[in-house]
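Hi everyone, thanks for coming. I'd like to walk you through one structure today, so please have a look at the screen.

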Amino acid sequence: MERVTLEDLERLGEEAAAGGGGDGGGGGEEEEEEEEERGRLFAHWEAVASTHRVTLPRDMAGPIVQMTRHSQSREPVPYVTLSQHEKCEEAAYEERRYPAGKWACVTKGEPMYEQSISMSFMKLMRYICKENSVGCYLGMTVPVLNEIHLTQEGTGLEREVVTAYYLPGEFQQNPPVPMDPEIHITERAPLRVITRVFYGMTTEETILREISLLWELLGSTDAVLRETYIVAAYENPSVPRRRNEIWFICRAE
C-alpha cells in the first residue's frame, strides 16, 4: 500500500497553488487538472486511513486539498523550556511550561487508538478548513494533542481519547464556533510537562513502550501523574518516521 509523505503533500500543494495563474484561456483544462489533483490527494489519504482501519468519507476531499495547500504554514503552540536533560550525551527529555489557552477538542472511544485519533482529527480538519462560524480556513497549529489514560492494571490504554487542536493566536480571544456539536472549545489551564521525542507510527503498543522508556529515565517520582499522559503529534499521519512526543503531566505545585 502506497504512503503519501509530507514532502508529497507539500509538492502537491505547491503544484495546486501554481496552477491558479492562467491567462484567461484553458479554464476547462485547469478545472480538469484541479479535479485530478483532488482525486489523487484523496486516494493518498484514503490509503493512509485504511492502515488505521478507518474509512475516509468523500466529503473530506475539500479539507484535504486545503490542508495540503497550507501545509508549509504551521503555527507552533507557545511554550517555555524549563530544563533539558541528557543521557550518554544525547537529549533524553526536557521540562516545559505551556500557558493557558483555548483548544478545540473531540472525544472518541473507538476499539483502537488509531481509529479514535483519525476520526477526531477528521472532525477537526473540517472545523479548521471551513465548518466554523467565520466560514474560512483558520490555520494549522502544532502539535495536536491526544490525551490518553492507562487502564487500572496499567497494562493498556482506556478507549477514550481526547484530541485537541490549539486555536491560532488571532482566534484565542474569540474562537470561531464549530458547526459540529461534537467539537468543544475548551479553556485549558497552564500545563507543565516532561517530554521525550520519538518517531514513527503511534499505536497502543508504541505508546506503552514510550511511557515505559521515559519512566526508566525518570526513575521513581511522585511529581507526575501516573494514569494520564499526552501524545503530541507534529506531522501528518502519512509520514512513516513522523515526529511525536510523549508527555508526562506534572502535578500542580
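**A buried lysine and its partners**

Let's begin with Lys123, which has a relative accessible area of 15% and is therefore buried, since the cut-off for that is under 20%. Before I go on, please keep in mind that this is a predicted model.

So what does Lys123 pair with? One partner is Asp180, and the closest N and O atoms of that salt bridge are 2.8 Å apart. Asp180 sits in the loop between β7 and β8, while Lys123 belongs to helix α4, residues 113-129, so to speak of distance along the chain, they are 57 residues apart. Asp180 is buried as well, at 16% relative accessible area.

Lys123 also forms a salt bridge with Glu182, with 3.7 Å between the closest N and O atoms. Glu182 is in the loop between β7 and β8 too, 59 residues from Lys123. This acid counts as partly exposed, with a relative accessibility of 35%.

Now for the other charged pairs. How many salt bridges does the structure hold? The count is nine. One of them joins the side chains of Glu187 and Lys102, at 3.2 Å from N to O. Glu187 is in strand β8 and Lys102 in strand β4, so this pair ties together parts that lie 85 residues apart in sequence. There is also a salt-bridge network, which links Glu94, Arg96, Arg243 and Glu245.

Arg96 has another neighbour to show you: this arginine lies over the face of Tyr79, 4.7 Å from the ring centre. Arg188 does likewise with Trp103, at 6.0 Å from the centre of the ring.

That brings me to the aromatic rings. Tyr79 is joined with Tyr98 and Trp247 in a cluster of ring pairs. In total, six aromatic pairs are counted. In one of them, Tyr229 and Phe248, the ring centres are 4.9 Å apart and the planes are at 65 degrees, so the pair is edge-to-face. Tyr229 comes from strand β10 and Phe248 from strand β11, so the two rings tie together parts 19 residues apart in sequence. Both count as buried: Tyr229 has 1% relative accessibility, and Phe248 has 0%.

Next, the nonpolar side. In soluble globular proteins, nonpolar side chains tend to be buried together. Here the largest nonpolar core has 25 residues, and those touching the most other members are Met67, Ala104, Phe121, Leu124, Tyr127, Met140 and Tyr165. Two or more residues come from each of α2, α3, β4 and α4. Which element gives the most to this core? The answer is α4, with seven residues. So the helix that carries Lys123 is also the one that gives the most to this core.

Phe121 is worth a closer look. Apart from neighbours within four places in sequence, Phe121 is in contact with Met67, Met140 and Val144. A second core is separate and has 21 residues, among them Ile194, Trp215, Leu218 and Val224.

Let me finish with helix α3, residues 61-69. Why is α3 described as largely enclosed by the rest of the structure? Because seven of its nine residues are buried. They are Ala61, Gly62, Pro63, Ile64, Val65, Met67 and Thr68. You will recognise Met67 from the list of residues that touch the most other members of the largest core.

That's my tour. Thanks for listening!

Notes:
Residues are numbered from 1 along each chain as its sequence is written. This is a predicted model: local features need pLDDT of at least 70, side-chain atom pairs count only at pLDDT 80 or more; totals for chains, interfaces and linings use all residues. Side-chain values use heavy atoms; hydrogens and water are left out. Buried means under 20% relative accessible area, exposed over 50%, partly exposed in between (1.4 Å probe, protein chains only). Helices (H or I, at least four residues) and strands (E, at least two) are DSSP runs, numbered from the N terminus. A salt bridge is a side-chain nitrogen of Lys or Arg within 4 Å of a carboxyl oxygen of Asp or Glu. A nonpolar core is a set of buried Ala, Val, Leu, Ile, Met, Phe, Trp, Tyr and Cys residues joined through side-chain atoms within 4.5 Å. Contact means heavy atoms within 4.5 Å. Rings of Phe, Tyr and Trp (its six-membered ring) pair if their centres lie within 6.5 Å; planes under 30 degrees apart count as stacked, over 60 as edge-to-face and the rest as tilted. A charge sits over a ring if NZ of Lys or CZ of Arg is within 6 Å of the ring centre and within 35 degrees of the ring normal.
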